[in-house]
Amino acid sequence: MTDQTHLEVAERWNQNADQWTADVRNGYDVYRDLFTFPAFLEFLPDITGLDVIDFGCGEGTNTRYFAKMGAHITGIDISADMIAHAQRAEISGPIGVTYQLASYSSETGLPAGSFDAVISTMALMDGPDFQGAMHEAYRLLRPGGFIAFSVLHPCFITPGLHWQKDENGKTTGLCVARYFDRSTFTESWKFGNRPADESVVPFAVPRFPRTISDYINAIASAGFRVARIEEPQPTEDACNEVPRFRRWRDLGAFLLLVMAERP
Ligand SMILES: C[S@@+](CC[C@H](N)C(=O)[O-])C[C@H]1O[C@@H](n2cnc3c(N)ncnc32)[C@H](O)[C@@H]1O
């Protein structure tokens, strides 16, 4: 993968960083708050006292949560502006998180075998070189360590997806399309929950579609043993609070969680 692609990803996320940070910290990312992060925490083994690295830590809200769970944590991200936001939170409320500007898919410069766990939440589908990320994760882990990550489910969140509706406009299905189309594209969106504000520019998020076999084969060929996969649904309570979640409870999987061990 070219350095140019990584530079473009970094630049996009630098442009997203201020609005993203404000929106996340204002509670507008309801998918994270009510669905993806609680599901990930349920999936994650105990990390108390472990040396952990967070791949694609962004502005650090989740990273700080892992630190509060008792992990000794380092967050890395390719976006200097995201890292700056994360560092400012650490300075104003120190909890011992270390941040570093680095790509998760090339040599981070951190010593081999210096972590017990690699964690990543909703970030590995946003970088071009998943295979590179698995190699770096393997290099950084001690024998017996693990990687646990969440991504958009590659079989359902495909480039051409659309919702099927009945004659009354009720959503009755999810139509997957262009599953094998691995072309990069940039997705433009705002958090659905934020109040309408014309001055807010939508995020521009570079996406790198891949298939389920791309994911699993990259994990295995880096040397990991896949231990567990889950496709959690939003809870009934979350669906009652945010009715549009129900599509992801009844019709298709939004989230893929993977846990793999380093022998
Ligand atoms: C959707 S955000 C998620 C951030 C954070 N994990 C969270 O859950 O809030 C994706 C993050 O991945 C980062 N990213 C994309 N490609 C990366 C790479 N190659 N190395 C490190 N970070 C990367 C982006 O800069 C961005 O901060």
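Here's a quick walk through a predicted model, from its sheet to its helices and its ligand.

Let's start with the sheet. It is open, has seven strands in the order 3-2-1-4-5-11-10, and its pairing is mixed. Strand 3 (98-101) and strand 10 (225-230) sit at the edges, each pairing on one side only. From one strand to the next, the twist averages 20°. Strand 1 (residues 51-55) and strand 4 (residues 115-121) run parallel and are joined by three bridges. Look for I53 here: it stands opposite V118 in strand 4.

Two helices that pack on this sheet are set out below.

| Helix | Strands touched | Direction |
|---|---|---|
| Helix 2 (residues 30-43) | strand 4, strand 5 (141-152), strand 10 and strand 11 (255-261) | about 25° with strand 11 |
| Helix 3 | strand 1, strand 2 and strand 4 | about 170° with strand 2 |

Now for a pair of helices. Helix 5 (residues 130-140) packs with helix 6 (residues 212-221) at an angle of about 30°, and their axes are 9 Å apart. Angles under 35 degrees count as roughly parallel, so that is how helix 5 and helix 6 lie to each other. Their crossing is right-handed. Helix 5 brings F130, Q131 and M134 to the contact, while helix 6 brings D214, Y215, A218 and I219. By class, that contact has five nonpolar, one polar and one charged residues.

Finally, the ligand. It has 21 residues around it, and the closest are W13, G56, G58, A123 and G127. Helix 1 (3-25), helix 3 (61-68) and strand 2 (72-77) each give at least two residues to this shell, with helix 1 supplying the largest share, three residues. Sorted by class, the shell has nine nonpolar, 10 polar and two charged residues.

Methods
Residues are numbered from 1 along each chain as its sequence is written. This is a predicted model: local features need pLDDT of at least 70, side-chain atom pairs count only at pLDDT 80 or more; totals for chains, interfaces and linings use all residues. A residue is near a molecule or strand if its C-beta atom, placed from the backbone, lies within 6 Å of it. Helices (H or I, at least four residues) and strands (E, at least two) are DSSP runs, numbered from the N terminus. Ala, Val, Leu, Ile, Met, Phe, Trp, Tyr, Cys and Pro count as nonpolar, Asp, Glu, Lys and Arg as charged, and the others, Gly among them, as polar. Axes are lines fitted to C-alpha atoms, for helices over the stretch in contact, and angles run from 0 to 180 degrees between N-to-C directions. Angles under 35 degrees count as roughly parallel, over 145 as roughly antiparallel, 65 to 115 as roughly perpendicular and the rest as oblique. A crossing is left-handed if the near helix is turned anticlockwise from the far one by less than a right angle, and right-handed if clockwise. Two residues are in contact if their C-beta atoms, placed from the backbone, lie within 7 Å. Two strands pair if DSSP finds at least two bridges between them.
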